[in-house]
Amino acid sequence: MSYKSRTLDRIDLTILDTLQKQGRISNVELAKQVNLSASPCLDRVKKLEAEGFIKRYGAVLDAEKLNMGMSAFIQVTLDRTTADVFDQFRDKVVNIHEVAECHMVAGGFDYLVKIRVADMKNYREVLGYIVNLPAVSQTHTYVVMENVKEDLGLPILEV
């Protein structure tokens, strides 16, 4: 279901950009940065949350320090592409702890799965789970050697 969302003004965009970069900023400091008093700033943040522009807040963790320093992308091809098979695959893959992201894609394969694991032994275990998911016929893995650029959030364009 698609709907047209409201047009955001410069202040809303600045709030979103600031919160995405500094999730722990106080409302008072945020208000200063967007040139509002604290109460109207908080009202805007609550409205942005209620309207779904802000999905959640979180912290960026250090994968190396948490023994999840190895990343890999796995192309997954299914043996058939029917709605029930897609549903079965999705229902199973979301429950694999090491799966950081999973995207259904158009092209030469069906899904691109990003995993985070401790080491090659852990990777082989996770790959074992994935290849045994419903209707998986083929996988190809690309191990990350270096993170050149990670997701830093959405590029907020000024109005």
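Which exposed residues does the face of α3 turned away from its buried side carry? I began my notes on this predicted model with that point, and I found S39 and A50 there.

**Helix α3**

I then took the helix as a whole: α3 spans residues 38-50, holds 13 residues, and reaches 18 Å from its first C-alpha to its last, close to the 18 Å expected at 1.5 Å a residue. For the buried residues of α3 I noted C41, V45 and L48. Looking down the axis of α3, I saw that these buried residues fall within an arc of 60°, so they line one face of the helix. I asked next what that face meets, and found that the buried residues of α3 pack against α1 (10-21) and α2 (27-33). For C41 I looked up the accessibility itself, which is 0% in relative terms, so C41 counts as buried. Just past the end of the helix I marked G52, which takes a positive phi of about 85°.

**T18 in helix α1**

Since α1 is one of the partners of α3, I looked at T18, which lies in α1. I recorded T18 as buried, because its relative accessible area is 7% and the cut-off for buried is under 20%. Which residues is T18 in contact with, leaving aside its neighbours within four places in sequence? I listed I25, L30 and Q33.

**Strands β1, β2 and β3**

I turned to β3 (residues 111-117) and found that five of its seven residues are buried, so this strand is largely enclosed by the rest of the structure. How many bridges join β1 to β3? I noted seven, with β1 (residues 70-78) and β3 running antiparallel. On the β2 side I noted five bridges, with β2 (residues 99-104) and β3 likewise running antiparallel. V113 of β3 came up in both pairings: V113 is the bridge partner of I74, and C102 stands opposite V113. In the hairpin of β2 and β3, which has six residues between the strands, I marked G107 with a positive phi near 135°.

**Cysteines**

I looked up C102 alongside C41, and the two do not share an exposure class: C102 is partly exposed, with a relative accessible area of 29%, whereas C41 is buried at 0%. I also searched the structure for disulfides and recorded zero.

**Nonpolar cores**

I went on to the largest nonpolar core, which has 22 residues, and noted that I74, V76, L78, F89, V113, I115 and I130 touch the most other members. As for where this core comes from, β1, α4 (83-93), β3 and α5 (120-131) each supply at least two residues, and the largest share, five residues, comes from β1. I followed I130 through its contacts and, not counting residues up to four places away in sequence, found that I130 touches I74, V76, I96, V113, I115, V136 and T139. I then noted a second, separate core of 14 residues, which includes L8, L13, L30 and I54. I set beside these entries the general tendency for nonpolar side chains to be buried together in soluble globular proteins.

**Loops**

What is the phi of N35, which is not a glycine? I wrote down a positive value of about 60° for N35, and I placed N35 in the loop between α2 and α3. N35 is exposed, with a relative accessible area of 66%. I made a matching entry for N67, which has a positive phi of about 60° although it is not a glycine. N67 lies in the loop between α3 and β1 and is exposed, with a relative accessible area of 52%. I singled out these entries because most residues other than glycine have a negative phi.

Is L61 buried or exposed? I found L61 in the loop between α3 and β1, and recorded it as exposed, because its relative accessible area is 61% and exposed means over 50%. My last entry sets L61 against Y123: these residues are 62 residues apart in sequence and 20 Å apart in space, C-alpha to C-alpha.

Note on methods
Residues numbered from 1 in each chain as written. Predicted model: local features only at pLDDT ≥ 70, side-chain atom pairs only at ≥ 80, totals over all residues. Heavy atoms only, no water. Disulfide = S-S within 2.5 Å. Buried < 20%, exposed > 50% of the residue type's maximum accessible area, 1.4 Å probe, protein only. Helix = DSSP H or I, 4+ residues; strand = E, 2+ residues; numbered from the N terminus. Pairing = 2+ DSSP bridges. Expected span 1.5 Å × (residues − 1). Arc of directions from axis to C-beta. Contact = heavy atoms within 4.5 Å. Core = buried A, V, L, I, M, F, W, Y, C linked by side-chain atoms within 4.5 Å.
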